[in-house]
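Me: I should like a close look at a single part of this model, namely the sheets of chain A and what surrounds them. Please explain the arrangement step by step, in terms that a first-year student can follow.

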Amino acid sequence: MAKIVIENLKYKYPGMNKLALNDISFTIEPGEFIGIIGRNESGKSSLCQAIAGLIPNFYKGAYGGRVFIDNMEVKKVAVEDLCETVGIVFQNPFNQVTGSKLTVYEEISFGLENMGIPREDMIKRIDDAMELLDISKYRDRYPFDLSGGQMQRMAIASIIAMKPEVILLDEPTSQLDPQGREEVFQAVQKLSKQGITIIMVEHNMEKIAAYSDRVVLLDDGKLIDIDIPQKIFSRDDLGEYGVEAPVYTQICRKLGIKNKSGYYPIALEETKNLLNSISKSMGKVIDQKGEM
Amino acid sequence: MYIITAIIVPVLLGKRWAGIGFIILSIILLLSGKVLKKTLPLLGVSSFVLLTVLIIQGLFWSGNTTPLFNIGPAVFYKEGLNFAFGILVNVINILLSFCVLILTTKPSDMIENFVRKGFSPRFGYVFISVFQIIPQMTETMSTITDAQRSRGMETEGKLWVRIKAFIPLISPVIMSSLINTKERALALEVRGFNSKKKRTFLNEQVKTGADIYIQIALLLCIIAALIWRIIIWLK
């Protein structure tokens, strides 16, 4: 499996004065689910594109540092070869439809045809990908006629079918309705369970908190922190980076409730358990008071 | 292949009946494909042009000598009409034979076959995507028209009003399609569009015996016409 190593990555878009990515270094272990958060323009998408090799192979501009995927330096590998290891899904599902295929089934085959996968293998891969994303029932539909959520799942399926080891998702749900968002998250979680490394940019902190193994916090092109979500969302300076913690964390912060390891809880279940145990102990106190 | 034969053979034979023969053949093929109706608008538009050709040539062709009939003061000549009729047959022949190809074959199948034969996949992509992305752009256009209208812009009425409305309508369309194009280019890129590996195809190539026979027959037609032409030449 692919291990991603980023060393002192710096990047400046052509025609800009500011660094979009400023001296970023970290390592991602195989199979991890990484969430990337930060305010707008903080470099989240640029980081994704740098890992996928689109920076510097597609975009020009000043580039420094190195990104390795499985000892392969992305700068030196063409995007069309790299895409067999790293898949990327973009924000707008609409623009990811190739526009050269008439059915969902054929649409998913696009990348495989380019890769030169033999036909029998191709059919199997497409069926598997459609099954995984639960879009088998739309296989003969016209791609542009799908809803946003379905289209985005098709876009993910067409990447999955290429069997990359790493999948980058750049705000895949930002243009979807709540149901579409849920559909995509379910699908991504399934992929994560299969051991694929997932790197996801997302504005919904509850989801990031619930699914991520580690969270990358970016601001102004710099890496502020990379750690487990509890630790990230328990930071006191979160507001300075334009990030709002999950509601559960916010509530517990106001109430001053921390879990055993000293962080605020981030998910519903943990919060519930903590509050329960507190109310129980409170109950005891009240009981004792009553006896007195 | 059929197009080439349908166009070359009458040209080589230089006889009008060959052209008419191919028109009839095209119509039969279109009928059997149940798409003859779709050719009607096409023929309607071109018939207007052809009619003008017929009138102009009938009236003014340089070789006109034998008056055939006259409508009011206009005199139609036999030679001119004859010449115009020749053009007519050729044009209709070309139109119909193209219709046979375009209306009976899915564009994607057609291009896929071209790509299989060694046509550049990039051009293939451009041709196919045009069929799908243009309708999307039309849709964007109508959304933008509605949006601008809801802001109080007049888009209907006199010519001048329409011309004034044109720029605020068309510029967002162009801008958004440029942005979309960039994103689509990225999406294609990450799906290995530029890959130098040998491509494979999801759809199997169906090549029946009939296909080959038809191709051979058409090829023979061309060769026969060619030989006939050469013989006439040599005489």
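Reply: The account below begins with the two sheets of chain A and then turns to the core, one buried residue, the domains and the contact between the chains.

The model is a predicted one, and everything that follows should be read with that in mind.

Consider first the sheet of four strands. This open sheet of chain A has the strand order β2-β1-β4-β5, and its pairing is antiparallel. Strands β2 (21-28) and β5 of chain A lie at the edges; each has a single partner strand, so one side of each is left without a neighbour in the sheet.

Within this sheet, strand β1 (residues 4-12) of chain A and strand β4 (residues 62-69) of chain A run antiparallel and are joined by seven bridges. Two of the residue pairs can be followed by name. Lys12(A) has Ala62(A) as its bridge partner in β4(A), while Ile6(A) has Val67(A) as its bridge partner in β4(A). A point about strands helps in viewing such pairs: in a regular strand the side chains alternate between the two faces of the sheet.

On its way to the edge, the sheet passes from β4(A) to strand β5 (residues 72-73) of chain A, and two bridges join these antiparallel strands. Here Ile69(A) stands opposite Met72(A) of β5(A). The two strands form a hairpin with two residues between them, and Asp70(A) in the turn has a positive phi of about 55°.

The other sheet to consider is an open one of six strands, in the order β6-β7-β8-β3-β9-β10 of chain A, and its pairing is mixed. Its edges are β6 (86-89) and β10 (222-227) of chain A; because each has a single partner strand, one side of each is left without a neighbour in the sheet. From one strand to the next, the twist averages 15°.

A parallel pair is found in this sheet: strand β7 (residues 166-170) of chain A and strand β8 (residues 197-201) of chain A are joined by five bridges. In this pair, Leu169(A) has Met200(A) of β8(A) as its bridge partner. Helix α1 (residues 44-51) of chain A packs on the sheet and touches β3 (33-37), β6, β7, β8 and β9 (214-219) of chain A. The direction of this helix makes about 150° with that of β8(A).

The nonpolar core comes next. The largest such core has 89 residues, and those with the most contacts inside it are Ile51(A), Ala157(A) and Leu168(A). Helix α6 (residues 148-160) of chain A supplies the largest share of this core, seven residues. If residues up to four places away in sequence are not counted, Leu168(A) touches Cys48(A), Ile51(A), Ala52(A), Val86(A), Ile88(A) and Ile199(A). A second, separate core has 10 residues, including Leu81(B), Ala84(B), Leu88(B) and Val100(B).

A single residue shows how burial is judged. Phe110(A) is part of helix α4 (residues 104-115) of chain A. Phe110(A) counts as buried because it has 23 C-beta neighbours inside 10 Å, and the cut-off for a buried residue is 20 or more. Neighbours within four places in sequence aside, Phe110(A) is in contact with Thr98(A), Lys101(A), Ser158(A) and Arg191(B). By contrast, 61 Å separate the C-alpha atoms of Phe110(A) and Met282(A), which are 172 residues apart along the chain.

The domains of chain A give a broader view. According to the domain assignment, chain A has domain 1 (4-245) and domain 2 (246-292). Taken over C-alpha atoms, the centres of these two domains are separated by 36 Å. Their contact takes 10 residues from domain 1 of chain A and eight residues from domain 2 of chain A. On the side of domain 1 that touches domain 2, the elements giving two or more residues are α8 (205-211) and α9 (229-233) of chain A. By class, that side of domain 1 has six nonpolar, two polar and two charged residues.

Finally, there is the contact between the two chains, which takes 27 residues from chain B and 31 residues from chain A. On the side of chain B that touches chain A, α6 (121-150) and α7 (159-189) of chain B are the elements that give two or more residues. The element that gives the most to this side is α7(B), with seven residues. By class, this side of chain B has 10 nonpolar, nine polar and eight charged residues.

Methods: Residues are numbered from 1 along each chain as its sequence is written. Chains are lettered from A and ligands numbered from 1 in the order in which they are written. This is a predicted model: local features need pLDDT of at least 70, side-chain atom pairs count only at pLDDT 80 or more; totals for chains, interfaces and linings use all residues. Two residues are in contact if their C-beta atoms, placed from the backbone, lie within 7 Å. Ala, Val, Leu, Ile, Met, Phe, Trp, Tyr, Cys and Pro count as nonpolar, Asp, Glu, Lys and Arg as charged, and the others, Gly among them, as polar. Two strands pair if DSSP finds at least two bridges between them. A nonpolar core is a set of buried Ala, Val, Leu, Ile, Met, Phe, Trp, Tyr and Cys residues joined through C-beta atoms within 7 Å. A residue is buried if 20 or more other C-beta atoms lie within 10 Å of its own, exposed if 12 or fewer, and partly exposed in between; C-beta atoms are placed from the backbone. Axes are lines fitted to C-alpha atoms, for helices over the stretch in contact, and angles run from 0 to 180 degrees between N-to-C directions. Domain bounds come from an automatic or database domain assignment.
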